[in-house]
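Biologist: Please take a close look at one part of this model and tell me how that part is built and what lies around it. I would then like the account carried on to other places in the two chains, with each step spelled out.

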Amino acid sequence: MTKRPTMRMLLNETKIQARKYLHFSAALLAMLLLCDAVSVIFRSTPAVVSIAGMIRIIAWCFTICYFAFELFRYGNGANDYLLLTLPSRKTNGLTLKAVTFFCILLVFTLLECPFTAYTLSTHLTGADVAKVIAYDRASRLLGIIAFLLIFMVVSYLSFLFRNVVVSAIFTFGIYLSVTIAEGCMVLLPRLLHQTALTWAIGYNSDFAGASQFINIFPIMVWNNQKTGSLQALGTISGTAIIANLLLIAVFYFIWKLVSSHIPMNYIK
Amino acid sequence: MNMKRVATQGKVYFTDFSVKYGKRTVLDVPADGFELSGQTIGLFGPNGAGKTTMIRTLAGLINRFGGTVGAPSPDAISYVPDEPYLYPFLDIKQCVNLFANRYPDFNQEKSLSLVRELNLPLDRPLSSFSKGQTEQAHLILSLSRGCPLYVLDEPLASVDPFTRDKLLSIIQKSTSKNSTVLMSTHIIAEIEGIFSHVIMINNGRIIANDSVEQFKKESDTLERAFKDRMAR
């Protein structure tokens, strides 16, 4: 009678979840494309480009906050029985939501490639552009996976608290602590007196180094002395990738552990 | 918390069972508990008595409890919650495919023939259904599974009397002799004919657990028996 979820079944369920977020995703995609188009058309007007860039960042932030909230809401009052009645373990619902959000963010990340390539510094050409794009996008995808895994674990553990406010404080508190810890790790070389490295929060619209990702948070880090070349990817890039990979490994392990050993009430 | 869920073939039992929300005990079944199988059981009680908590425990949605629960594994339980749960943008055809994809015990032909019998539109999204039609759709999908246990949480609250009779007969025909059906309801008088056994809950405690014949010896209707028990 019991059926382990098959790949086909998971695909079907993911499709239904994706359909649930279709309007939201379409609106977001339209907004991102509009911002990109405006940035390209008015490239010579810096004010317009920065406003478009700001709107892009706000749109991304809103999406991330919304997806984080949806993961949290799943176990804290949404009573989404369609997911809760999935065969096998009830934790599959949380995994499925996370996979759906990953797919949506993956599409956005890939669709942004041409725009990212277009805005790169003219110092870079051909294979170098491809390398930087591949690095930047892969780094972002790693960040997205790390972010979703952290939220899966903390959202699951937040089921322990009956009070939704306590659950929210727990979830966002843990997430923030982990992110600050990761940020400290990524910026360790800078803290260790490598003064040539400069960093700021946000995206690199004009390639002076590379966009890094502390899970989902974008930071710019560049080397003052190697600006505009592939060498500028440098020290911090490696640390950011390792930090995200480490987070993925640790939180995947915690997820396996808690989801199989800590029984939860899936309904509040 | 000392909790244990024992997988059975269809039998349902609760022993020394309790569920707490914070410090408040919402359901408390004594050590001698009760055991049921192969019957259509009515679960009666006022609002907030603990019916839904008992049902959710059986469905595997409440896993932090005290004592022992014996029931088929949650995957082998066909469960209808007390609120619509199919996404409103889905139509019945998509729902049928979804269930066929999920459950190996789901009978696609049977579900489609029940849809036709109840004249439900196949291609219209559920958001365009009335409340009663939505309930019918949920019940049809649930009854098209071949499970040892059907757990139905107030499945007929909004259905019109004519369709309700049809659905009651579908419930009787759809479930096999060995299946157990546990149904909570507040419309006792209208559907009492379907039950062979009744459990009454009040304030998280079981106040009565007997066969329908036994209740009928005390009162002429089940609703009367329920009201009498509540008044004690």
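Modeller: The part I would choose is helix H4(B), whose buried residues are B:Gln133, B:Thr134, B:Glu135, B:Gln136, B:Ala137, B:His138, B:Leu139, B:Ile140, B:Leu141, B:Ser142 and B:Leu143. Everything said here concerns a predicted model, and the description should be read with that in mind. Helix H4 of chain B runs over residues 131-143, and its 13 residues reach 18 Å from the first C-alpha to the last, close to the 18 Å expected at 1.5 Å a residue. Since eleven of the 13 residues are buried, H4(B) is mostly covered. The partners against which these buried residues pack are all in chain B: strand E7 (77-80), helix H2 (92-102), helix H3 (108-117), strand E8 (149-153) and helix H5 (161-174).

Two of those partners, E8 and H5 of chain B, lead to another detail, for the loop between them holds B:Glu154. This residue has a positive phi of about 45°, although it is not a glycine. Most residues other than glycine have a negative phi. B:Glu154 counts as buried because it has 20 C-beta neighbours inside 10 Å, and 20 or more are needed for that class. A positive phi, of about 50°, is also found at B:Asn203, which is not a glycine either, and B:Asn203 lies in the loop between strand E10 (197-202) and strand E11 (205-211) of chain B. With 14 other C-beta atoms within 10 Å, however, B:Asn203 is partly exposed.

From chain B we can cross to chain A, where 21 residues are in contact with 23 residues of chain B. On the side of chain A that touches chain B, helix H1 (7-20) and helix H4 (81-84) of chain A each supply at least two residues, and the largest share, five residues, comes from H1(A). Sorted by class, that side of chain A has eleven nonpolar, five polar and five charged residues.

Within chain A, a pair of helices deserves a similar look. The axes of helix H7 (residues 126-157) and helix H8 (residues 164-186) of chain A come within 9 Å and cross at roughly 145°, and the crossing in which H7(A) passes H8(A) is right-handed. On the H7(A) side the contact is made by A:Ile150, A:Phe151, A:Val154 and A:Ser155, and on the H8(A) side by A:Thr171, A:Ile174, A:Tyr175 and A:Val178. Six of the residues in this contact are nonpolar and two are polar, while none is charged.

The UniProt record, an unreviewed entry, annotates several stretches of chain A as "transmembrane region", including residues 47-69, 141-161 and 168-188. In the model, residues 47-69 of chain A are 100% helix and 0% strand, with their end C-alpha atoms 33 Å apart. Residues 141-161 of chain A are 81% helix and 0% strand, and there the end C-alpha atoms are 31 Å apart. As a last point, A:Ile51 lies in helix H3 (residues 46-75) of chain A and is partly exposed, because 15 other C-beta atoms lie within 10 Å. A:Ile51 and A:Tyr118 are 67 residues apart in sequence, and from C-alpha to C-alpha they are 18 Å apart in space.

Conventions. Residues are numbered from 1 along each chain as its sequence is written. Chains are lettered from A and ligands numbered from 1 in the order in which they are written. This is a predicted model: local features need pLDDT of at least 70, side-chain atom pairs count only at pLDDT 80 or more; totals for chains, interfaces and linings use all residues. Helices (H or I, at least four residues) and strands (E, at least two) are DSSP runs, numbered from the N terminus. The expected span of a helix is 1.5 Å times one less than its number of residues. A residue is buried if 20 or more other C-beta atoms lie within 10 Å of its own, exposed if 12 or fewer, and partly exposed in between; C-beta atoms are placed from the backbone. Two residues are in contact if their C-beta atoms, placed from the backbone, lie within 7 Å. Ala, Val, Leu, Ile, Met, Phe, Trp, Tyr, Cys and Pro count as nonpolar, Asp, Glu, Lys and Arg as charged, and the others, Gly among them, as polar. Axes are lines fitted to C-alpha atoms, for helices over the stretch in contact, and angles run from 0 to 180 degrees between N-to-C directions. A crossing is left-handed if the near helix is turned anticlockwise from the far one by less than a right angle, and right-handed if clockwise. UniProt positions are given in the numbering used here, feature names are shortened, and annotations may be inferred rather than shown by experiment.
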